[in-house]
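Please look over the sequence and the model below before reading on. The report is meant to be read beside them.

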Amino acid sequence: MTPDLMEAGSERLQHYREHRDEHRTESGGRSASMARPVVAGEVDVTHGRILYLEDVHVSFDGFKAINGLNLDIAPGELRCIIGPNGAGKTTMMDIITGKTRPDRGTVFFGSTIDLLRYNEPQIAAMGIGRKFQKPTVFEQLTVFENLELALKTHKGVGASMRFALNGAQKDRIAEVLHTIHLAGSVTRQAGLLSHGQKQWLEIGMLLVQEPRLLLLDEPVAGMTDEETARTAELFLTLKGKHSLMVVEHDMGFIATISEKVTVLCDGAVLAEGPLAQVQADERVIEVYLGR
Ligand SMILES: Nc1ncnc2c1ncn2[C@@H]1O[C@H](COP(=O)(O)OP(=O)(O)OP(=O)(O)O)[C@@H](O)[C@H]1O
C-alpha cells in the first residue's frame with residue numbers, strides 16, 4: 001500500500017471514530033450494522049471478566065424468560081450452567097451471541113465491548129463461538145475438510161476451497177485434530193463418525209477459529225460414557241486457553257469438570273458456587289435437583 005492510500009485510510013478511520021456516536025439509535029446505540037467490527041485480540045480482560053451481564057430482561061409476549069439476570073465469567077474460566085427446563089439457559093446464550101435482543105440490561109465482552117451493539121456474525125467473528133446441542137458438521141466432507149472450511153469461512157474467504165492454507169493454518173488444524181482426538185481420522189468422512197466424534201469435530205471447527213469464549217449447549221447429550229469422559233478431559237484441556245460456558249443436565253459430567261456452577265431459574269441466578277454447595281442449597285433442591 002502506498003503512503004497516500006495509508007493516509008487516506010487512516011483519515012477515514014479517524015472520521016468514522018469521531019462520528020460513530022452520531023449513528024447510535026434511540027435504543028442505546030444498538031444498531032448492529034453501524035458497530036465497528038472488533039477483532040478477538042482487542043478484548044480487554046484487565047478487569048478480570050471476559051463476559052459480564054447485568055440486570056438483563058427479555059419477555060416473549062409478556063412472559064419473562066430472562067428476568068434480572070446478572071452473571072460474569074473470568075478469563076479462562078470453565079463455568080457450568082444448570083437449571084430446570086425453561087429456566088432461560090438457551091435464551092441467555094441467544095442474548096450473548098446476538099440472536100435475541102434483550103429488552104434492557106448490559107451485556108459486555110471484556111470490559112469495553114458492548115455486545116448489544118453487534119449482530120450475530122460480528123459477535124462470532126470477534127471470538128465468541130457457540131455449539132448447539134445437535135452436531136451440524138458437513139457429513140459429505142472429511143474431518144480435515146470440515147476444519148479447513150471452518151477456518152477459511154472464519155477468515156473471510158467464503159466457502160471456497162480454492163485458497164491454499166498457509167503453514168500456520170495447517171499447524172492450527174493439526175493441533176486442533178490432536179486436541180479433539182481425531183488425528184487418526186483426518187481423511188474419514190464426517191458422516192461416518194460416531195455421535196461423540198461429530199460433537200468433537202464441531203468443537204474443533206470452533207477451535208480453529210481461536211475463540212476467546214465458547215458457549216456449549218448440552219455437549220454430552222447422547223454420548224456414551226466413554227465419550228462423555230473424553231469430553232470432560234477435552235474441556236479441562238481447553239480451560240485456561242479459552243473461557244467456557246457449558247450448559248448441561250448431566251450432573252455426573254458437571255461434577256467431573258466444574259469449579260463454579262450457576263443455577264438458573266425463572267430467568268435469573270438462583271444460586272452460584274461449587275457444585276456441592278449449590279446441591280445443598282434448599283432453594284435449588286426444591287426447584288431443580290429434588291424433582
Ligand atoms: N421465542 C420464544 N417465544 C416465546 N417463548 C419463548 C421463546 N424462547 C423461549 N421462550 C420461553 O422462555 C422460557 C425459557 O426458555 P429457554 O429455552 O431459554 O429455557 P432453557 O433453560 O434453555 O430450557 P431447556 O433446559 O428445556 O432447554 C421457556 O418458558 C420458553 O418456553
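The text below goes through the ligand shell, the strands, the nonpolar core and one loop residue.

This is a predicted model, in which local features need pLDDT of at least 70 and side-chain atom pairs count only at pLDDT 80 or more, while totals for chains, interfaces and linings use all residues. Residues are numbered from 1 along each chain as its sequence is written.

The shell around the ligand includes Phe60, Phe63, Ala65, Lys89, Thr90 and Thr91. A residue counts as near the ligand if its C-beta atom, placed from the backbone, lies within 6 Å of it. Strand E2 (63-73) and helix H2 (89-96) are the elements that give two or more residues to this shell. H2 gives the most, with three residues. Helices (H or I, at least four residues) and strands (E, at least two) are DSSP runs, numbered from the N terminus. By class, the shell has four nonpolar, six polar and one charged residues. Here Ala, Val, Leu, Ile, Met, Phe, Trp, Tyr, Cys and Pro count as nonpolar, Asp, Glu, Lys and Arg as charged, and the others, Gly among them, as polar.

Strand E7 (residues 213-217) has four of its five residues buried. A residue is buried if 20 or more other C-beta atoms lie within 10 Å of its own, exposed if 12 or fewer, and partly exposed in between, with C-beta atoms placed from the backbone. Two strands pair if DSSP finds at least two bridges between them. The pairings of E7 are listed here.

| Partner strand | Sense | Bridges | One bridge pair |
|---|---|---|---|
| E6 (residues 128-131) | parallel | four | Lys131 and Leu216 |
| E8 (residues 243-247) | parallel | five | Leu216 and Val246 |

From E7 the chain crosses through helix H7 (residues 225-238) to E8, in a right-handed β-α-β crossover. Right-handed means that, with the strands pointing away from the viewer, the path from the first strand over the helix to the second runs clockwise.

The largest nonpolar core has 75 residues, and Leu201 and Val246 are among those with the most contacts inside it. Helix H6 (residues 195-207) gives the largest share of this core, six residues. Such a core is a set of buried Ala, Val, Leu, Ile, Met, Phe, Trp, Tyr and Cys residues joined through C-beta atoms within 7 Å.

Is Leu165 buried or partly exposed? Leu165 is partly exposed because 15 other C-beta atoms lie within 10 Å. Leu165 sits in the loop between helix H4 (143-154) and helix H5 (167-179).
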